[in-house]
Amino acid sequence: YPVYKSRVDWTALEDEVLRWNDTILSTDDFVQRLKQIFQAMGDTHGAFYFNGRRIRFNNNSDFKVRPSLIKAFEGNKPEVRTAILESGYGYISVPGTSKNDQRTCQQLQDSLCSLGLKDLKGIVIDLRLNEGGSVYPGFSGLNQLFGSKLVAYSANLDGALQSAWSVRKGTFLQGDRKAVTVTNRCKPNKDIKIAVLISQITTSSGEMLAVAFKGREKTIFIGEKTYGFTTINSEFKIGKHYLGIASGFIADRNGKVYFDQVEPDIEIIEGDNFTDLREDSKVQAALQWLKEE
């Protein structure tokens with residue numbers, strides 16, 4: 001069910017959308033009426049995927065992405081990246097992906113373990129280039145870093161908690177449903193500190209992954225406010241097409257519901273350098289915090 005359903009006069013909307021009683025619509029008319037439905041619901045995250053197009057209502061046309069983030073997407077799409085910043089401190093960048101198969105999830109888990117997790121005192125989890133997609137890779141691939149089995153909830157518009165999201169021995173569960181399972185090939189130092197980097201384009205499942213770390217001890221968020229697609233979408237297949245509708249919100253392990261953006265603890269706007277992490281202001285601020293006693 002749409003999370004914003006109570007905001008809509010459905011009878012009036014039906015009359016408006018079908019007012020001409022057309023039997024055949026042009027593509028432009030069809031697209032316009034779909035946007036009208038999303039606008040009436042106030043659903044900016046939902047979309048209809050039609051003939052290679054994503055149709056949605058965009059009320060943020062003035063949004064400008066900073067040049068350093070645009071540059072990171074030039075050429076090939078960002079991929080998972082790992083690095084040792086210095087002895088005892090690791091880094092992993094987790095961009096968004098629409099792939100949710102077990103292989104993709106396992107690859108992220110294996111990348112994490114390649115850092116020698118048990119020997120790390122701290123790790124930087126970089127979500128600045130995570131523009132969303134599937135929640136499965138992040139929640140399963142990073143599962144042993146969350147610090148608890150319960151990591152998040154879904155919630156309704158009134159803030160009432162609904163389904164619990166949890167991780168158990170490599171399995172990511174949404175309620176009682178097993179979403180995906182990976183093989184954990186490493187264990188972290190139990191006292192490991194985590195710095196999560198977020199940006200203005202950390203979106204959708206990227207924001208949900210960030211929320212999964214909210215409430216974890218020895219964890220800090222550095223960067224800027226995220227985009228604000230914290231609604232959980234339910235998807236429906238309609239012939240060859242897909243409809244995604246916002247059906248809930250994400251809440252952290254303590255029950256705090258995120259109705260819009262995820263905010264950092266330390267705000268740093270500029271200074272991204274994805275080519276040389278030694279010159280990246282956010283990575284270096286994170287490393288400094290991780291090294292503090």
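Begin by selecting K218, in the loop between α6 and β11 (219-223). This is a predicted model, and the tour moves through it one selection at a time.

**Stop 1: K218**

Look at the backbone of K218 first. Its phi is positive, about 55°, although K218 is not a glycine. As background, most residues other than glycine have a negative phi. Is K218 buried, exposed or partly exposed? Its relative accessible area is 41%, and since partly exposed covers the range between 20% and 50%, K218 counts as partly exposed.

**Stop 2: back to G215 and α6**

Step back along the chain to G215. This glycine follows α6 and has a positive phi, near 90°.

Now select α6 (205-213). How many of its nine residues are buried? The count is nine of nine, so the helix is mostly covered, as the definition of buried is under 20% relative accessible area. The buried residues are S205, G206, E207, M208, L209, A210, V211, A212 and F213. Charged E207 is in that list as well as nonpolar L209.

**Stop 3: S204**

On the other side of α6, select S204, in the loop between β10 (193-198) and α6. Its phi is near 55°, a positive value in a residue other than glycine. Is S204 buried or exposed? With 11% relative accessibility, S204 counts as buried. S204 also leads to the next stop, as one of the residues nearest the centre of the largest pocket.

**Stop 4: the largest pocket**

Keep S204 selected and add G133, S134, N233 and E235. These five residues lie nearest the centre of the largest pocket, which has 42 lining residues. The space in this pocket comes to about 1,300 Å³. As general background, rolling a probe the size of a water molecule over the atoms shows where empty space is left.

Which elements give two or more residues to the lining? They are β1, β7 (161-168), α6, β12 (231-238) and β13. Select β12 in particular: with five residues, it gives the most to this lining. Colouring the lining by class gives 16 nonpolar, 20 polar and six charged residues.

**Stop 5: the second largest pocket**

Next, select V80, P95, G96, T97 and T104. They are the closest to the centre of the second largest pocket, among the 25 residues that line it. This pocket holds about 460 Å³ of space.

The elements giving two or more residues to its lining are α4 (102-113), α5 (136-141) and α6. Which of the elements gives the most? It is α4, with five residues. By class, this lining has nine nonpolar, eleven polar and five charged residues. Note that α6 appears in the lists for both pockets.

**Stop 6: helix α2**

Select residues 27-41, which form helix α2. The helix has 15 residues and reaches 22 Å from its first C-alpha to its last, close to the 21 Å expected at 1.5 Å a residue. Its buried residues are V31, R33, L34, Q36, F38 and M41. What do these buried residues pack against? Show α1 (10-17), β1 (47-50), β2 (53-55) and β13 (241-252) to see the partners. Just after the helix, G42 takes a positive phi of about 75°.

**Stop 7: M41 and Q39**

Two residues of α2 make a useful pair to inspect. M41 lies in this helix and is buried, with a relative accessible area of 4%. Leaving aside neighbours within four places in sequence, M41 is in contact with P2, Y4, R7, V8 and W10. Q39 is also in helix α2, but at 47% relative accessibility Q39 counts as partly exposed.

Try two distances, C-alpha to C-alpha. From M41 to L145 is 36 Å in space, with their positions 104 residues apart in sequence. Q39 and T82 are 43 residues apart in sequence and 40 Å apart in space.

**Stop 8: the whole chain**

Clear the selection and zoom out. The chain has seven helices and 15 strands. Its C-alpha trace spans about 70 × 40 × 35 Å along the principal axes. What is the radius of gyration of the chain? It is 20 Å, which agrees with the value near 19 Å for a compact globule of 293 residues. Of these residues, 50% count as buried. Among contacts between residues at least 6 apart in sequence, 69% join residues at least 24 apart.

Conventions
Residues are numbered from 1 along each chain as its sequence is written. This is a predicted model: local features need pLDDT of at least 70, side-chain atom pairs count only at pLDDT 80 or more; totals for chains, interfaces and linings use all residues. Side-chain values use heavy atoms; hydrogens and water are left out. Helices (H or I, at least four residues) and strands (E, at least two) are DSSP runs, numbered from the N terminus. The expected span of a helix is 1.5 Å times one less than its number of residues. Buried means under 20% relative accessible area, exposed over 50%, partly exposed in between (1.4 Å probe, protein chains only). Contact means heavy atoms within 4.5 Å. On a 1 Å grid over the protein atoms alone, a cavity is a set of points where a 1.4 Å probe fits but cannot get out, and a pocket is an open set with protein on both sides within 12 Å along at least five of seven lines; lining residues have an atom within 4 Å of a point. Grid points are joined across faces, edges and corners, and a volume is the space filled by probe spheres set on the points. The radius of gyration is taken over C-alpha atoms; the globule rule is 2.2 Å times the number of residues to the power 0.38.
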